[in-house]
Amino acid sequence: MKAAQAMIKCLELEGVKDLFGYPGAAICPFYDALARSNIRHILVRQEQNAAHAASGYARATGKPAVCVATSGPGATNLITGIATAYADSIPMVAITGQVVSDLLGRDVFQEADITGAVEPFIKHSYLIKNASDIPRVFKEAFYIAGTGRPGPVLIDVPMDIQNEEIEFSYPETVSIRGYKPSVKGHPLQIKRVVSAVKEAKKPVICAGGGLFATDAREELARLAERCHIPVITTMMGIGAIPSAHPLHYGMLGTHGRRVANTAVNESDLLILIGARVGDRAVTTPGVLQKRTKIIHIDIDPAEIGKNMDAQIPLVGDAKIILRQILDAVGEDCDPHSEWLAALDALRDKEPVQSEREDGGINPKLFLKKLSAAADEDCIVVADVGQNQIWTANYFQVKKGRLLTTGGMGTMGYSVGAAEGVKTAKPDTQVIAVCGDGSFQMQMMELGTICQNRIPVKIIVMKNNRLGMVRELQKNLYKGNYSGVDLDGSPDFVKLAEAYGIASKRISRAQEEPDAIQELLACEGPFLLECVVSPEETTL
């Protein structure tokens, strides 16, 4: 069969049912074969959104998702989405077309060294030079993307290679020299963890995004409940334990809850699980490691000790390690009554939000109301900016997820990612939350939503400003505002209507209940614009 047909056959054997892409000449042989497949192709309106959609799809399914682009600018447009997936450990296989092999390196039309360009933020990449390698390469790519610490893998295929004839045989197993991810925790380290937990008077668990890679939420809750340990999360870890769980104390970090940051600062044992100790989460790791015993559990040994020293490092799969700890810790655990009571008292002192007297929507209260009305398994995708922090702190996750880009902080992520989530889980309620700045980076995706009848709900917090940058300029630069005014923005309600998408604008608290009900009840896609004051603060 032709190599392009072999590429499609590989995807079918990997269980791929949907992919996101944008065609061009150098990837046309692949698209010709794709047209004869049962795999559904979703045409995005710009290649970066293909990567974001694949990211959302992968996070919804837990398996590597696929995005496709042509050579040159098509491939380079994927880069931001690939970097975003790499920073947040999202399994993805990106397939790009390339100019014909004998023209490589000659700077011909639409040639770009994409494997070299993505080198700093790719788990692995391939440039196919022998068409017969395609089955092996695809098998390895999906294996690498989805095992160990998940991440993106790129396969670059020259156009002439796609047109070659090959004998197809798909490998049943993968064996890559030097790539053997640890899964089970070392028994001696498990004993040290259990001893530290039993000795601690003020323990805290910090749950990161790595918990979702192995679906370790149940084990996390069991450990916290059995050992009476408070749980805080990083931004990527939100939803690892339900927001309303009595042992959950919110998100830590620069934009986190006071009680969560206090819990970390006053703890005598900090158990990090699947968290990379980023600067927005722990601003002074050098100070913390001197006064607190640190346990760091992660699938990637490179993360342990990278930003903060750990007295007890433990490499492996979070789900398996938590089960090992549960088996070893027993039932006789300190109730930590005084510690929990102190944190409860601090949590009860959190500022109470009120409706704005000067008009406009209070986004924090709005998101509380939205979460109360949403389905238990609702998946919310937050963009970047003030809208992200409002959603992280005030949308109460029940049995669903809050997805966002924490590592790269990529504006323009939410709508594409929500498309991917909804495609993977058509029966699940999916809501994208963005600001008017980030929405204008992705509003062309309304075309994708319309064409493919993807019933995502989009909430645009409109303050006619780049809100978070403006807030920084107000606080750190004496109100010297520069480049943050969004005058000239379109009427988003009319824009949605132009695509045949139901829409509504609200600007007063009294309008919120009906608008939320209309948004969630709509069978198709819906865009809700919430008018927010430019003076609304992040926290």
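**Exercise 1.** In this predicted model, determine which residues L211 is in contact with, leaving aside its neighbours within four places in sequence.

*Solution.* Contact requires heavy atoms within 4.5 Å. With neighbours within four places in sequence set aside, the partners of L211 are A216, L220, A240, I273, A318 and L322. The next step is to place L211 in its surroundings. The largest nonpolar core holds 55 residues, and L211 is among those that touch the most other members, together with I205, L220, L270, I271 and I273. Helix α14, residues 318-329, gives the most to this core, namely six residues. Another core lies apart from it and has 37 residues, including Y126, A131, A141 and I166.

**Exercise 2.** Establish the order of the six strands in the open sheet, and explain why one side of β14 and of β17 is left without a neighbour there.

*Solution.* The order reads β14-β13-β15-β16-β18-β17, with parallel pairing. Strands β14 (401-403) and β17 (502-506) are at the edges; each has a single partner strand, and therefore one side of each lacks a neighbour in the sheet. From one strand to the next, the twist averages 15°.

**Exercise 3.** Describe the pairing of β16 with β18, and identify the strands that helix α16 touches.

*Solution.* Residues 457-462 form β16 and residues 526-531 form β18; the two strands pair in the parallel sense over six bridges. Within this pairing, K462 stands opposite V531 in β18. Helix α16, residues 363-373, packs on the sheet and touches β15 (430-435), β16, β17 and β18. Finally, the direction of helix α16 makes about 165° with that of β16.

Terms used: Residues are numbered from 1 along each chain as its sequence is written. This is a predicted model: local features need pLDDT of at least 70, side-chain atom pairs count only at pLDDT 80 or more; totals for chains, interfaces and linings use all residues. Side-chain values use heavy atoms; hydrogens and water are left out. Two strands pair if DSSP finds at least two bridges between them. Helices (H or I, at least four residues) and strands (E, at least two) are DSSP runs, numbered from the N terminus. Axes are lines fitted to C-alpha atoms, for helices over the stretch in contact, and angles run from 0 to 180 degrees between N-to-C directions. A nonpolar core is a set of buried Ala, Val, Leu, Ile, Met, Phe, Trp, Tyr and Cys residues joined through side-chain atoms within 4.5 Å. Buried means under 20% relative accessible area, exposed over 50%, partly exposed in between (1.4 Å probe, protein chains only).
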